[in-house]
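Trainee: Could you take me through one part of this structure in detail? I would like to see how a single strand sits among its neighbours.

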Amino acid sequence: MKIGFAKVDITPPIGVYLAGYFQRDRPSIGVHDPLYSRAIAIVDGEKVFAAASVDVLGISLDLFRLVEKYVRELLGDVGIEFSVSAIHTHSGPDLYGMYADFDEVLYELTARRIASSIILAYRNAEDCTGVFHGIGEVGEVAVNRRDPIRGIVDPRVHVVKFECSSAGVVLSNYSCHAVVLGHNNFMISADYPGALNSFVDRASNYNSIFFNGACGDINPFTPNTDLSRVYDRSAGTFGDVEWMGTILGCEVVKQAALARKIAYPRLELKSLELKLKTVKPPYSLSEIDELLSRAEEEYFRAISRGESGFEERWRLFTYMVARHQLENYVDEVTALIKIACLSRDLAMVFVPSEVLVRVGLMIKERSPFRNTLVIAYSNGYFGYMPTAEEYELGGYEVSFPYSIVERGSAEYMVNKVVDALSELKSQYS
């Protein structure tokens, strides 16, 4: 087996609008820490798999396909399977024109740089002298924002370590929104995942690559977090970013040191392309245009009165998202899922969009692999994917236009993933 790693700078220019918060009304003013596309390539005989972790909010299916085009053009006959995941930072560039005008140049350049990281990782592949894995826990830095008192979190920190003839790689996975920084931050940043990667890079002789998990309803629980206003991240500071990145980074380094070696690692792969039914939009285009116009007027009236306009801006943004969904409405969306296994105990599942924590826990609990990493925001984005029971709680994570798939879609996806994992498990018998 051979392992390769690459890290390509994807930092956008100052002045781009940042994605993730509807409250932001002006562009970025600086770069606090650079953004990267990190990639790892696993070569096992004729089988090749690469996974990129990108410091952006989300990866659309169109962006994944564009990256795929460039990778296959430049690698030619190499039969490579790969996945592209976002860390879901809310302090990265708006790639899709949801928060400002669409920047075609930035979109194209970002796609090429992501592709470059995958190609370089493959070309950098060198002999792997050992594959190790382990699971730690850090539950104190995350909170379920839909139910801060009784809501579940996934405290597991999954670690896979690859020892190589030169520099090795430490791959980690944890489930928490990259929103230590709030809407009042206008500096480009990878948030806590960037701090985690930097800490692991400094504290070990390995290259760090972090993948976010099923965290659609999981927020950071930093020292200044107010649980009575758990969605409000405006108290977050860059000191908090380092605090959280260091805590998680310490657990990653610890588990990398304690990790158990896989006796005979072997790469097995499977891809799924599921079709998920979408809900029927509650508005027509003419109705949403009228609502948009009214919301815009109400927002500007609130601003002229010297008010914050928070509720009015939220309503305006929601109708803007709804209009986008209506303009691009299809009766089903594609869920592209990639699964890579390295032993009878270790599997990595790359799922699209923004899945809630219960979805990840369901996959882990039913998986036949003892250490199952669920990596979200991969190979497509179409909003939140809640379990059926989450609809009873209400909230925007289960409502149009932020969730567009039919109720039961999460359970359908989980069943298909578990079936695929069971099939892959049998190949290690």
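Mentor: Happy to; here is a walk around strand E16, followed by a few other sites.

This is a predicted model, in which local features need pLDDT of at least 70 and side-chain atom pairs count only at pLDDT 80 or more, while totals for chains, interfaces and linings use all residues. Residues are numbered from 1 along each chain as its sequence is written, and side-chain values use heavy atoms, with hydrogens and water left out.

Let's start with E16 itself, residues 346–350. Helices (H or I, at least four residues) and strands (E, at least two) are DSSP runs, numbered from the N terminus. Five of the five residues of E16 are buried, so the strand is largely enclosed by the rest of the structure. Buried means under 20% relative accessible area, exposed means over 50%, and partly exposed lies in between (1.4 Å probe, protein chains only). Leu346, Met348 and Phe350 point one way from E16, Ala347 and Val349 point the other way, and all are buried.

Now for the partners of E16; two strands pair if DSSP finds at least two bridges between them. Strand E15 (residues 332–343) runs antiparallel to E16, with five bridges, and a hairpin through two residues joins E15 to E16. Strand E18 (residues 371–375) pairs with E16 in the parallel sense, also over five bridges. Val349 of E16 appears in both pairings: Ile339 stands opposite Val349, and Val349 stands opposite Val374 in E18.

Next, the cysteines. The structure has zero disulfides, a disulfide being a pair of cysteine sulfur atoms within 2.5 Å. For Cys164, the closest cysteine sulfur belongs to Cys128, and at 5.0 Å it is too far for a bond. For Cys215, the closest is in Cys176, at 6.6 Å, again too far for a bond. Cys164 is buried at 11% relative accessibility, and Cys215 is buried at 0%.

Another buried residue is Thr110, at 5% relative accessibility, which sits in helix H2 (residues 104–123). The side chain of Thr110 reaches the backbone oxygen of Leu106 at 2.7 Å.

Finally, Phe221 lies in the loop between strand E12 (218–220) and helix H4 (238–258). With a relative accessible area of 31%, Phe221 is partly exposed.

Conventions. A polar contact is a pair of N or O atoms within 3.5 Å; within protein, one must be able to donate a hydrogen and the other to accept it, and residues adjacent in sequence count only if both atoms are side-chain atoms.
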